[in-house]
Amino acid sequence: MESSSAASGGSTRREATRQKLYEAAVTLIAEQGFSATTVDEIAERAGVAKGTVYYNFASKSVLFEELLRHGVGLLTASLREAAERTARESGTKVDALDAMVRAGLVFIDRYPAFTQLYVAELWRTNRAWQSTLMVVRQQAVAVVEDVLRAGVAGGEFSDEIDVPLTAAALVGMVLVAALDWKSFQPERSLDDVHAALSRLLQGRVSGCR
């Protein structure tokens, strides 16, 4: 029991350290770019020794790749939880999509630097982590696809909906609208932005019945 507790404690400490490194890396890379950011700077910003970075990640590129996995994983979990909560409350599939839009906005509001990096990396094709990025992106989009397919199967949406493209469009809508909000309309509240996207969703998706 004691050894199990010690192992658990060690795992918790390591996860806390990795979280510090993620936060330091995403902030620095958002500020000055990937190439200009050094491992020394990441370690200093995280408040750890340089060796700690290499103990947890083989290189700066591996750290960034894992950062992408971690961040998109959090977003995917938020979207899935929103859909599942709506189902428990007997909401419609449009309600589920609307809840996912809000969950996405909440995520972006909490992690704006990560979202900025994620969107920027989607446009780059020469990165070592491009294949990983495509995989984790599809995991997030797949959660929306599941709701759309269930809506089509249940007769709530038209069977003419292009599910993969519509799911990608909804995720893209949230990302772009949220980045515009953060960059150019920061005076708006999250509720304001959600209300605007909700009206767009209701008109475009639920109108396809």
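**Entry 1: charges over rings**

I started with lysines sitting over aromatic rings, and found Lys-182 over the face of Trp-181, at 4.5 Å from the ring centre. A note to myself before going on: this is a predicted model. I then looked up Lys-60, which lies over the face of Phe-34 with 4.4 Å to the ring centre.

**Entry 2: Ala-178**

Next I went to Ala-178, which I found in helix H8, residues 163–184. Is Ala-178 buried or exposed? I got a relative accessibility of 0%, and because buried means under 20%, Ala-178 counts as buried.

Which residues does Ala-178 touch, leaving aside neighbours within four places in sequence? I noted Leu-105 and Ile-108 as its contacts. I also checked Gln-138 against Ala-178: they are 40 residues apart in sequence, and their C-alpha atoms are 20 Å apart in space.

**Entry 3: aromatic rings**

I moved on to the rings and counted five aromatic pairs in the structure. One of them is Phe-107 with Tyr-111, whose ring centres are 4.9 Å apart. Their planes stand at 50°, so I wrote this pair down as tilted.

Phe-107 also pairs with Phe-114. Here the centres are 6.1 Å apart and the planes are at 90°, so the pair is edge-to-face. The cut-off I needed for that call is an angle over 60 degrees.

How exposed are these residues? I found Phe-107 at 6% relative accessibility, so it counts as buried. Phe-114 is buried as well. Tyr-111 is partly exposed, with a relative accessible area of 25%.

I then asked which residues form one aromatic cluster. My list reads Phe-107, Tyr-111, Phe-114 and Tyr-118.

**Entry 4: the largest cavity**

Time to look for empty space inside. How many cavities of 30 Å³ or more does the structure hold? I found two, and the largest has about 140 Å³ of space.

I went through the lining of the largest cavity residue by residue. It includes Leu-75, Leu-79, Leu-97, Met-100, Val-101 and Gly-104. Ile-108, a contact of Ala-178, is also part of this lining. Further lining residues are Val-144, Leu-170, Val-171, Val-174 and Leu-175.

Sorting by element, I saw that two or more lining residues come from each of helix H4 (60–88), helix H5 (93–110) and H8. Which element gives the most? H5 does, with five residues.

I sorted the lining by character too: eleven residues are nonpolar, one is polar and none is charged. The polar one is Gly-104, because Gly counts as polar in this scheme.

**Entry 5: the second largest cavity**

The second largest cavity has a volume of about 30 Å³. What lines it? I listed Val-72, Leu-75, Phe-107, Phe-114, Thr-115, Tyr-118 and Leu-175.

Some familiar names came back here. Phe-107, Phe-114 and Tyr-118 belong to the aromatic cluster and also line this second cavity. Leu-75 and Leu-175 are in the lining of the largest cavity and in this one.

The elements that supply two or more residues to this lining are H4 and helix H6 (112–122). H6 has the largest share, with three residues. By character, I split the lining into six nonpolar residues, one polar and no charged.

Key
Residues are numbered from 1 along each chain as its sequence is written. This is a predicted model: local features need pLDDT of at least 70, side-chain atom pairs count only at pLDDT 80 or more; totals for chains, interfaces and linings use all residues. Side-chain values use heavy atoms; hydrogens and water are left out. Helices (H or I, at least four residues) and strands (E, at least two) are DSSP runs, numbered from the N terminus. Buried means under 20% relative accessible area, exposed over 50%, partly exposed in between (1.4 Å probe, protein chains only). Contact means heavy atoms within 4.5 Å. Rings of Phe, Tyr and Trp (its six-membered ring) pair if their centres lie within 6.5 Å; planes under 30 degrees apart count as stacked, over 60 as edge-to-face and the rest as tilted. A charge sits over a ring if NZ of Lys or CZ of Arg is within 6 Å of the ring centre and within 35 degrees of the ring normal. On a 1 Å grid over the protein atoms alone, a cavity is a set of points where a 1.4 Å probe fits but cannot get out, and a pocket is an open set with protein on both sides within 12 Å along at least five of seven lines; lining residues have an atom within 4 Å of a point. Grid points are joined across faces, edges and corners, and a volume is the space filled by probe spheres set on the points.
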